[in-house]
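Here are some short exercises to work through with the model open beside you. Try each task before you read its solution.

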Amino acid sequence: MSSINSNSDTGFLSRVKSTAQSLTATRRPWRDFLDLSSFNLPISLSDATTRISQNLTHFRVNYTITLLTILFLSLIYHPVSLIVFLLTLVAWLFFYFGREEPLTVFGFSVDDRAVAAALFVVTVIALVLTHVWANVLVSVGVGVGLVILHAGLRSTDDLVTDDQESPYAVLLDDIDGGVY
(Lines give C-alpha, C1' and ligand atoms only; values in the text may rest on other atoms or scores of the structure.)
Protein backbone atom coordinates (compact mmCIF):
# COMPACT_ATOMS: atom_id res chain seq x y z
CA MET A 1 0.00 0.00 0.00
CA SER A 2 2.81 2.42 0.82
CA SER A 3 4.47 1.75 -2.54
CA ILE A 4 1.27 2.88 -4.30
CA ASN A 5 1.23 6.12 -2.29
CA SER A 6 4.96 6.54 -2.90
CA ASN A 7 4.48 6.18 -6.68
CA SER A 8 1.56 8.63 -6.73
CA ASP A 9 3.55 11.09 -4.61
CA THR A 10 6.52 10.77 -6.97
CA GLY A 11 4.21 11.28 -9.97
CA PHE A 12 2.69 14.37 -8.38
CA LEU A 13 6.11 15.79 -7.51
CA SER A 14 7.40 15.17 -11.02
CA ARG A 15 4.33 16.97 -12.43
CA VAL A 16 4.97 19.92 -10.09
CA LYS A 17 8.62 19.99 -11.19
CA SER A 18 7.58 19.78 -14.84
CA THR A 19 5.10 22.62 -14.31
CA ALA A 20 7.77 24.81 -12.74
CA GLN A 21 10.16 24.10 -15.60
CA SER A 22 7.47 24.85 -18.16
CA LEU A 23 6.63 28.12 -16.40
CA THR A 24 10.23 29.29 -16.47
CA ALA A 25 10.59 28.22 -20.12
CA THR A 26 7.59 30.26 -21.36
CA ARG A 27 8.19 33.31 -19.19
CA ARG A 28 10.25 36.04 -20.83
CA PRO A 29 13.27 37.34 -18.90
CA TRP A 30 12.28 40.00 -16.36
CA ARG A 31 15.24 42.16 -17.45
CA ASP A 32 13.69 42.35 -20.95
CA PHE A 33 10.24 42.95 -19.49
CA LEU A 34 11.47 45.82 -17.27
CA ASP A 35 14.17 47.25 -19.57
CA LEU A 36 13.77 51.01 -19.02
CA SER A 37 15.51 51.86 -22.30
CA SER A 38 12.61 50.16 -24.15
CA PHE A 39 9.99 52.58 -22.82
CA ASN A 40 8.81 55.59 -24.81
CA LEU A 41 5.55 57.23 -25.82
CA PRO A 42 3.74 55.78 -28.83
CA ILE A 43 3.48 58.19 -31.75
CA SER A 44 -0.21 57.48 -32.43
CA LEU A 45 -3.21 55.55 -31.18
CA SER A 46 -2.54 52.94 -33.87
CA ASP A 47 1.04 52.55 -32.62
CA ALA A 48 -0.22 52.18 -29.05
CA THR A 49 -2.73 49.45 -29.97
CA THR A 50 -0.09 47.61 -32.02
CA ARG A 51 2.33 47.76 -29.08
CA ILE A 52 -0.33 46.54 -26.68
CA SER A 53 -1.23 43.63 -28.96
CA GLN A 54 2.39 42.59 -29.53
CA ASN A 55 3.46 43.02 -25.90
CA LEU A 56 0.42 41.13 -24.56
CA THR A 57 1.37 38.23 -26.83
CA HIS A 58 5.11 38.35 -26.16
CA PHE A 59 4.96 38.87 -22.38
CA ARG A 60 1.68 37.04 -21.61
CA VAL A 61 3.16 34.87 -18.86
CA ASN A 62 4.91 37.86 -17.27
CA TYR A 63 1.67 39.86 -17.33
CA THR A 64 -0.25 36.95 -15.82
CA ILE A 65 2.32 36.61 -13.03
CA THR A 66 2.12 40.36 -12.43
CA LEU A 67 -1.69 40.30 -12.16
CA LEU A 68 -1.69 37.28 -9.86
CA THR A 69 0.99 38.85 -7.64
CA ILE A 70 -1.02 42.06 -7.27
CA LEU A 71 -4.11 40.01 -6.42
CA PHE A 72 -2.13 37.93 -3.90
CA LEU A 73 -0.73 41.03 -2.19
CA SER A 74 -4.22 42.50 -1.84
CA LEU A 75 -5.31 39.41 0.12
CA ILE A 76 -2.56 39.32 2.75
CA TYR A 77 -4.97 40.36 5.54
CA HIS A 78 -7.77 37.97 4.45
CA PRO A 79 -6.59 34.43 5.27
CA VAL A 80 -9.66 32.53 3.99
CA SER A 81 -9.53 34.40 0.71
CA LEU A 82 -5.80 33.80 0.53
CA ILE A 83 -6.36 30.04 0.86
CA VAL A 84 -9.00 30.16 -1.89
CA PHE A 85 -6.59 32.18 -4.03
CA LEU A 86 -3.80 29.63 -3.47
CA LEU A 87 -6.15 26.84 -4.55
CA THR A 88 -7.00 28.71 -7.73
CA LEU A 89 -3.28 29.34 -8.21
CA VAL A 90 -2.78 25.57 -8.32
CA ALA A 91 -5.39 25.46 -11.10
CA TRP A 92 -3.42 28.19 -12.92
CA LEU A 93 -0.23 26.17 -12.57
CA PHE A 94 -1.71 23.02 -14.07
CA PHE A 95 -4.11 24.41 -16.69
CA TYR A 96 -2.20 27.46 -17.93
CA PHE A 97 1.45 27.52 -16.94
CA GLY A 98 2.21 23.81 -16.83
CA ARG A 99 0.96 22.62 -20.18
CA GLU A 100 3.27 21.80 -23.06
CA GLU A 101 0.45 21.00 -25.51
CA PRO A 102 -2.91 22.72 -26.05
CA LEU A 103 -5.73 21.91 -23.64
CA THR A 104 -8.31 19.62 -25.23
CA VAL A 105 -11.92 19.56 -24.00
CA PHE A 106 -14.43 17.18 -25.64
CA GLY A 107 -12.07 16.76 -28.59
CA PHE A 108 -11.68 20.50 -29.19
CA SER A 109 -8.41 22.34 -28.72
CA VAL A 110 -8.81 25.35 -26.40
CA ASP A 111 -6.76 28.48 -27.06
CA ASP A 112 -4.41 29.68 -24.29
CA ARG A 113 -6.23 33.01 -24.14
CA ALA A 114 -9.55 31.25 -23.50
CA VAL A 115 -7.96 29.14 -20.76
CA ALA A 116 -6.48 32.26 -19.14
CA ALA A 117 -9.81 34.10 -19.37
CA ALA A 118 -11.71 31.17 -17.83
CA LEU A 119 -9.19 30.79 -15.01
CA PHE A 120 -9.27 34.54 -14.41
CA VAL A 121 -13.07 34.49 -14.13
CA VAL A 122 -12.99 31.46 -11.79
CA THR A 123 -10.36 33.18 -9.62
CA VAL A 124 -12.36 36.41 -9.38
CA ILE A 125 -15.65 34.58 -8.66
CA ALA A 126 -14.02 32.42 -5.97
CA LEU A 127 -12.56 35.48 -4.28
CA VAL A 128 -15.78 37.49 -4.56
CA LEU A 129 -17.64 34.61 -2.90
CA THR A 130 -15.24 34.93 0.06
CA HIS A 131 -16.50 38.51 0.54
CA VAL A 132 -13.43 40.40 -0.57
CA TRP A 133 -15.01 41.68 -3.77
CA ALA A 134 -13.82 45.25 -3.18
CA ASN A 135 -10.21 44.10 -2.78
CA VAL A 136 -10.52 41.89 -5.86
CA LEU A 137 -12.02 44.63 -8.03
CA VAL A 138 -9.49 47.25 -6.95
CA SER A 139 -6.50 44.92 -7.33
CA VAL A 140 -7.68 43.62 -10.71
CA GLY A 141 -8.32 47.19 -11.87
CA VAL A 142 -4.88 48.30 -10.73
CA GLY A 143 -3.28 45.21 -12.29
CA VAL A 144 -5.03 45.57 -15.64
CA GLY A 145 -4.20 49.28 -15.68
CA LEU A 146 -0.52 48.57 -15.05
CA VAL A 147 -0.44 45.85 -17.70
CA ILE A 148 -2.05 48.09 -20.34
CA LEU A 149 0.22 50.99 -19.37
CA HIS A 150 3.32 48.80 -19.62
CA ALA A 151 2.19 47.22 -22.90
CA GLY A 152 1.44 50.62 -24.43
CA LEU A 153 4.67 52.30 -23.33
CA ARG A 154 7.10 49.45 -24.00
CA SER A 155 8.51 49.65 -27.49
CA THR A 156 8.31 46.49 -29.58
CA ASP A 157 11.28 47.24 -31.82
CA ASP A 158 13.47 44.67 -30.07
CA LEU A 159 10.72 42.03 -30.03
CA VAL A 160 9.92 41.77 -33.74
CA THR A 161 12.82 39.59 -34.84
CA ASP A 162 12.57 36.94 -32.13
CA ASP A 163 8.83 36.66 -31.56
CA GLN A 164 7.10 34.33 -33.99
CA GLU A 165 4.07 34.21 -31.64
CA SER A 166 3.28 37.79 -32.54
CA PRO A 167 -0.03 38.48 -34.27
CA TYR A 168 2.15 39.84 -37.08
CA ALA A 169 4.23 36.65 -37.43
CA VAL A 170 2.71 35.93 -40.86
CA LEU A 171 4.02 39.26 -42.11
CA LEU A 172 7.41 38.57 -40.57
CA ASP A 173 7.63 35.21 -42.36
CA ASP A 174 7.04 36.98 -45.67
CA ILE A 175 9.83 39.46 -44.96
CA ASP A 176 12.32 36.83 -43.82
CA GLY A 177 11.59 34.22 -46.47
CA GLY A 178 10.45 36.37 -49.36
CA VAL A 179 12.26 36.93 -52.65
CA TYR A 180 13.67 40.44 -53.01
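**Exercise 1. Find which exposed residues helix H6 carries on the face turned away from its buried side.**

Step 1. The face of H6 that points away from its buried side carries the exposed residues Arg113 and Leu129. Exposed means over 50% relative accessible area, buried under 20%, and partly exposed in between (1.4 Å probe, protein chains only). Helices (H or I, at least four residues) and strands (E, at least two) are DSSP runs, numbered from the N terminus.

Before going on, please keep in mind that this is a predicted model, in which local features need pLDDT of at least 70 and side-chain atom pairs count only at pLDDT 80 or more, while totals for chains, interfaces and linings use all residues. Residues are numbered from 1 along each chain as its sequence is written, and side-chain values use heavy atoms, with hydrogens and water left out.

Step 2. Now turn to the other side: the buried residues of H6 are Val115, Ala116, Leu119, Thr123, Val124, Ala126 and Leu127. Viewed down the axis of H6, these buried residues fall within an arc of 160 degrees, so they line one face of the helix. The arc is taken from the directions from the helix axis to the C-beta atoms.

Step 3. The cover over the buried residues of H6 includes helix H4 (60-74), H5, strand S1 (103-105), strand S2 (108-110) and helix H7 (133-153). Contact here means heavy atoms within 4.5 Å.

**Exercise 2. Check the span of H6 against the expected value.**

Step 1. The expected span is 1.5 Å times one less than the number of residues.

Step 2. For the 18 residues of H6 (residues 112-129) that gives 26 Å, and the end C-alpha atoms are 26 Å apart, which agrees.

Step 3. Just after H6, His131 takes a positive phi of about 65 degrees.

**Exercise 3. Describe how the rings of Phe59 and Tyr63 are paired.**

Step 1. Rings of Phe, Tyr and Trp (its six-membered ring) pair if their centres lie within 6.5 Å; planes under 30 degrees apart count as stacked, over 60 as edge-to-face and the rest as tilted. The whole structure holds six aromatic pairs.

Step 2. Phe59 and Tyr63 are 6.3 Å centre to centre with 80 degrees between the planes, an edge-to-face pair.

Step 3. Phe59 counts as buried at 0% relative accessibility, and Tyr63 is buried with a relative accessible area of 4%.

Step 4. Ring pairs link Phe59 and Tyr63 with Trp30 and Phe33 into a cluster.
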